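Morning, everyone. I have one structure to show you today. Let's put it on the screen.

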Amino acid sequence: MLNHSFLPTDEVVLAQNAPVVNIGGKLILFDTGMGSLKQFGPTTGRLKSCLAAANIALEDIDAVVCSHAHWDHVGGIWGDDGKPTFPNAQVYISQTDYDFWTDEKKLGGDLNGLVKAAIHNLKPVRDRMVFFQDEQEFLPGIHAISAPGHTLGHSCFMIESAGKTMCYGGDLTHHPVLLFEKPLMEFAFDTDPKLSAQSRVRILKMLASNRIPFMSYHFPWPGYGHVGIAGEGFEYFPEPLHLSLLD
C-alpha cells in the first residue's frame with residue numbers, strides 16, 4: 001500500500017498537528033505535542049515556536065482540549081520549569097483517560113513512560129481540569145464524540161461555527177493510507193486494537209456519508225481534508241493548500 005501511494009516503505013512518518021480554534025473571544029488548543037520529550041525523535045517540541053509564529057501567546061490560550069492522554073498529546077501541558085505552559089487555560093479530557101494514565105500503580109510496567117508523562121503533565125493541573133462526556137457540548141460549538149480503542153477514553157470532536165462543521169479526530173487513524181484503505185487493520189499502539197478499529201470504521205463512515213471535513217493529528221501537515229468510501233475501506237482527500245505570499 002505504501003509503495004502504491006509513492007510513500008517510503010522503510011519508515012512511516014507521523015506528523016503532529018495541533019489545531020487552534022477561535023470560538024468567538026476564546027482560543028482553544030487541541031492537544032499539545034511532546035513538550036521536551038524526545039521519544040519521537042529530535043524534530044518534536046515545536047508547539048511553542050509554531051504558536052509564536054502564528055502570533056498566539058501562550059497566555060492567550062483559554063482551553064486545552066485533549067483527545068487522549070498519550071505523551072505526544074499531553075506532553076506540552078506542564079513545563080520543565082514546574083509551571084503550566086498555558087497559564088490561563090482550563091484543561092478538558094475524558095475522566096476515563098485521566099484515571100487510566102495517571103494511575104501510579106502502572107509505573108514500572110510496560111506503560112511506564114506513558115504513565116510517567118501523563119502524571120507529570122496532568123496531575124499538576126487537576127484543579128483546572130474539566131471532564132467531558134460523550135456527545136456533550138462542553139465548549140460553545142464543540143461536541144465530544146467517544147471513540148474508544150486507541151485509549152479507553154479516546155475522543156474525537158465535532159467543531160461547529162457559522163453553519164459549518166469539521167471533525168478533529170485525534171488518533172482515530174494514524175495514517176492516511178494504511179488505516180484508511182484497511183480500517184480494520186490492528187495497530188500495535190492501541191490499548192484495544194479491535195475496539196479501535198470499530199470506532200475508526202464507525203466515525204469515518206459517518207464523516208464520509210455526511211461529507212464532513214476531517215482533521216487528523218498525525219496526517220501530513222496540515223492534516224485536513226475529506227473522507228471518501230472506497231470499497232471496504234476509505235480514501236483520504238487532502239484539502240488543497242492556499243498559500244499567500246507576504247512581502
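I will go through the core, then a sheet, then two pockets.

Please keep in mind that this is a predicted model.

Let's begin with the core. In general, nonpolar side chains in soluble globular proteins tend to be buried together. Here, the largest nonpolar core has 30 residues. Which of them touch the most other members? They are Ile61, Val64, Ile77, Phe86, Ile93, Leu122 and Met129. Now look at where the core residues come from. At least two residues each come from strand 2 (27–30), strand 3 (61–65), strand 4 (90–93) and strand 5 (129–131). Helix 1 (47–53), helix 2 (71–74), helix 3 (95–101) and helix 4 (112–122) each supply at least two as well. Helix 4 gives the most, with six residues.

Zoom in on Val64. What does Val64 touch, if we skip residues up to four places away in sequence? The list is Leu29, Thr32, Ile77, Phe86, Ala89, Gln90, Val91 and Tyr92. Two of these names, Ile77 and Phe86, were also in the core list a moment ago.

Next, the sheet. It is open, and it has seven strands. Their order is 6-7-8-9-10-11-12, and the pairing is mixed. Which strands stand at the edges? Strand 6 (137–139) and strand 12 (233–238) do. Each has a single partner strand, so one side of each is left without a neighbour in the sheet. Take the strand 6 edge. Strand 6 pairs with strand 7, residues 142–146, in the antiparallel sense, over two bridges. Find Leu139 on your screen: its bridge partner in strand 7 is Ile142.

Now the pockets. The largest pocket holds about 1,500 Å³ of space. Its lining has 48 residues, and the closest to its centre are Gln16, Asn17, Ala18, Leu47 and Cys50. Strand 1 (20–22), helix 1 and helix 4 each supply at least two lining residues. Which helix gives the most to this lining? Helix 4 does, with five residues. We met helix 4 in the core too, with six residues there. By class, the lining divides into 26 nonpolar, 17 polar and five charged residues.

The second largest pocket has about 390 Å³ of space. It is lined by 25 residues, and Leu7, Pro176, Val177, Pro220 and Tyr236 are the closest to its centre. Strand 12, our edge strand, gives the largest share of this lining, four residues. The classes here are 17 nonpolar, four polar and four charged.

That's my tour. Thank you.

Key: Residues are numbered from 1 along each chain as its sequence is written. This is a predicted model: local features need pLDDT of at least 70, side-chain atom pairs count only at pLDDT 80 or more; totals for chains, interfaces and linings use all residues. Side-chain values use heavy atoms; hydrogens and water are left out. A nonpolar core is a set of buried Ala, Val, Leu, Ile, Met, Phe, Trp, Tyr and Cys residues joined through side-chain atoms within 4.5 Å. Buried means under 20% relative accessible area, exposed over 50%, partly exposed in between (1.4 Å probe, protein chains only). Contact means heavy atoms within 4.5 Å. Two strands pair if DSSP finds at least two bridges between them. On a 1 Å grid over the protein atoms alone, a cavity is a set of points where a 1.4 Å probe fits but cannot get out, and a pocket is an open set with protein on both sides within 12 Å along at least five of seven lines; lining residues have an atom within 4 Å of a point. Grid points are joined across faces, edges and corners, and a volume is the space filled by probe spheres set on the points. Ala, Val, Leu, Ile, Met, Phe, Trp, Tyr, Cys and Pro count as nonpolar, Asp, Glu, Lys and Arg as charged, and the others, Gly among them, as polar.
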